[in-house]
Amino acid sequence: MPDVAEPLYGLAAGRMFRPVQNRVGALTTSKTPLLDRIDTPHELRKLQPNQLHQLADELRRETIDAVSVTGGHLGAGLGVIELTVALHYVFDTPNDRIIWDVGHQAYPHKILTGRRDRIRTLRQGEGLSGFTKRAESEYDAFGAGHSSTSISAGLGMAVARDLKGANNHVVAVIGDGAMSAGMAYEAMNNAGAMDSRLIVMLNDNDMSIAPPVGAMSAYLARLVSGGAYRTLRETAKQLARHLPHFLYDKARKAEEFARGFWTGGTMFEELGFYYVGPIDGHNLDHLLPVLSNVRDKDDGPVLVHVVTQKGKGYGPAEAAADKYHGVNRFDVLTGAQDKPKANAPSYTGVFAKSLIAEAERDDKIVAITAAMPGGTGLDLFEKAFPERAFDVAIAEQHAVTFAAGLAAEGFKPFCALYSTFLQRGYDQVIHDVAIQHLPVRFAVDRAGLVGADGPTHAGAFDIAYLGCLPGMVVMAPSDEAELVHMVSTAAQFDEGPIAFRYPRGEGVGVELPERGQPLEIGRGRIVREGSKVALLSLGTRLADALAAAKELAGRGVSTTVADARFAKPIDRDLLRRLAAHHEVLITIEEGSIGGFGAQVFHALSEDGALDGVRGPFKFRSMILPDVYIDHDKQDMMLAKAGLDARAIVAKALEALGDERGAARVMIA
């Protein structure tokens, strides 16, 4: 490959390629390992351009090896190896800000920014986050977890730079999938109306929104990104302004059409961006001069369109349908992933099969997801009913209102979203669904703590943010059999919106019913009778509540265990019974403050149960703590949150006045 600093490339781009800093003491070209010499981008920028190909190869191997140990997101990172190298080489990070949208593709970035020694702690307890995280490194300019936020954040940083009178660069790297979210276009529309310097890298690896990438498109990208072309274009604009208005307007449109015809990007130009591309995102000889040119562009926003291949450079990933987007630990040589030892079906799988069974009996049932068919199980539904399954891409707001429109016409939409992603459509849940009493069914997956994905993906808030809405029914199954019944309940419920939340991972291994039976709305159940302490569990904390009751019984504390089933409406008859016949009532939920426990407290206070009229009675609520819990194994996270069986025992003993016993339980 020719050296990118050769005159051919400089002339084609309108200027010579200029490195970001003086490379005094640059390392010589060698086949000895280069990555071992790179601790931060400062060392990276000492390399010669023709050494970067070797470095990219080593970085790809290191990324594959690291993820084979930890599991995580692999395909996206492999697709941006060369782009990551080029960005840190051309731009003066961390002074220049690079914002990675979503964060799935940020593992190579972490390796190059001082975290290689910890890269095999990815997504492990006390280890590196699987996403960018401001608290983790100064090179992580903005935290990421959900998609489509990078352009908005980048524009904010660019405007802040201008207000401070600084001169650093801001680069937002966004994947084509994230461009399906409306927020990205809102940000681009805002940026296009401003003069702030902002560089957006559109990583096109799936949508095929571009013409074929080859030598001609690479040449044109270098040409239009170069200073000579921009100067000529600006001179022509100044001359054209002296023409009559109708001629000036026609000349402007002709230039935009001509450039759009050859390079694409008309849509981005209409939004006010200077479009460059498409270019091969794996060809450093193309990337480096173009990035150098756009770095030196001194006004307005620019979009650089790079075409990459997800999973690039690793055969098993390239051959896989999902390009190894998310993987368990795997064998590097074969690509074979570790299979979890499943003793019970996953909640997601149970939901999918139950929904299919309901849809076989009711042709009004349709299913909607937002770019997560596999994650929500709706890929199985789509195979069974392809004409009744809708993947609306990363567009949760649209998904909710789309479901509302279907419901308004008599269909029974099941909108399956992760709890953390449903947050993005909250205004639509209120305005377009709840206020109109439309019977949209919300299947809220990944409720509660989610393990390795950490706080950005934890479903901590849905009980609180759904439970406060008038007319909303909120259910939570205690096991996978209960989930079958709740799918049936939702299918039969037409009075308004209804939601059921369930966690990530396996069930407890109970026998599944052949067919779900609709539950009575707002009715819980007693699963163990006692007389002194009552444990009222919502959702899958029931198993630990039963384990705690058993241990309490061994300590001479007779304990009732109840399964609330419904966070809203609350079973007030059940509450009255528990409050009247027990010294202590403890609610347990895997959710935030303001959720089920708050609803129970409000109901008890309204009913006078907290007035002391009925004798000594104590109420306690066990919820997720008022902090964001970092990634770890789910059982470890639950222990940290104080929601496991041991913590329940300690809470009961504390409420009964046995402080020493409670302390001993927690220490044991």
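## Surface patch

V508 lies in the loop between β13 and β14 (525–528); helices (H or I, at least four residues) and strands (E, at least two) are DSSP runs numbered from the N terminus. V508, V510 and L512 make a nonpolar surface patch of about 210 Å². Patch residues have over 30% relative accessible area and no salt bridge, with like charges joined within 9 Å and nonpolar side chains (Val, Leu, Ile, Met, Phe, Trp, Tyr) within 5 Å. Areas are Shrake-Rupley values with a 1.4 Å probe, and for residues only the protein chains shown count as cover.

This is a predicted model, in which local features need pLDDT of at least 70, side-chain atom pairs count only at pLDDT 80 or more, and totals for chains, interfaces and linings use all residues. Residues are numbered from 1 along each chain as its sequence is written, and side-chain values use heavy atoms, with hydrogens and water left out.

## The sheet of 7 strands

One open sheet has 7 strands in the order β9-β8-β10-β11-β13-β12-β17, and its pairing is mixed (two strands pair if DSSP finds at least two bridges between them). At the edges stand β9 (389–391) and β17 (566–568), each paired on one side only. From one strand to the next, the twist averages 20°. Strand β12 (residues 473–475) and β17 run antiparallel and are joined by 2 bridges. V474 has K568 in β17 as its bridge partner.

Two helices lie against this sheet. Helix α22 (residues 480–492) packs on the sheet and touches β8, β10, β11, β12 and β13 (498–501), where contact means heavy atoms within 4.5 Å. The direction of α22 makes about 165° with that of β13; axes are lines fitted to C-alpha atoms, for helices over the stretch in contact, and angles between N-to-C directions run from 0 to 180 degrees. Helix α18 (residues 396–408) lies across β8 (365–369), β9, β10 (412–418) and β11 (441–445), and runs at about 165° to β10.

## The sheet of 5 strands

A further open sheet, of 5 strands, has the order β14-β16-β15-β18-β19 with mixed pairing. Its edge strands, β14 and β19 (618–622), each pair on one side only. Direction ignored, neighbouring strands of this sheet are turned by 25° against each other on average.

Within the sheet, β15 (residues 533–537) pairs with β18 (residues 584–588) in the parallel sense over 5 bridges. The bridge partner of L536 in β18 is T587. Helix α23 (residues 542–554) lies across β14, β15, β16 (559–563) and β18, at about 170° to β16.

## A helix pair

Helix α7 (residues 150–164) and helix α8 (residues 182–192) have axes that come within 8 Å and cross at roughly 30°. That makes α7 roughly parallel to α8 (angles under 35 degrees count as roughly parallel, over 145 as roughly antiparallel, 65 to 115 as roughly perpendicular and the rest as oblique). On the α7 side, I151, S152 and L155 meet M183, A184, A187, M188, N190 and A191 of α8.

## Salt bridges

The structure holds 37 salt bridges, each a side-chain nitrogen of Lys or Arg within 4 Å of a carboxyl oxygen of Asp or Glu. One of them joins the side chains of D453 and R123, at 2.7 Å from N to O. D453 lies in the loop between β11 and α21 (462–467) and R123 in the loop between α6 (107–115) and α7, so this pair ties together parts that are 330 residues apart in sequence.

## Backbone exceptions

Most residues other than glycine have a negative phi, and most peptide bonds are trans. The peptide bond from T93 to P94 is cis, with omega near 5°, and P94 lies in the loop between α5 (81–90) and β2 (97–100). K568 and P569 are also joined by a cis peptide bond, with omega about -5°. P569 belongs to the loop between β17 and α24 (572–581).

Y324 is not a glycine, yet has a positive phi of about 55°. The loop holding Y324 runs between α14 (315–319) and β7 (326–327).
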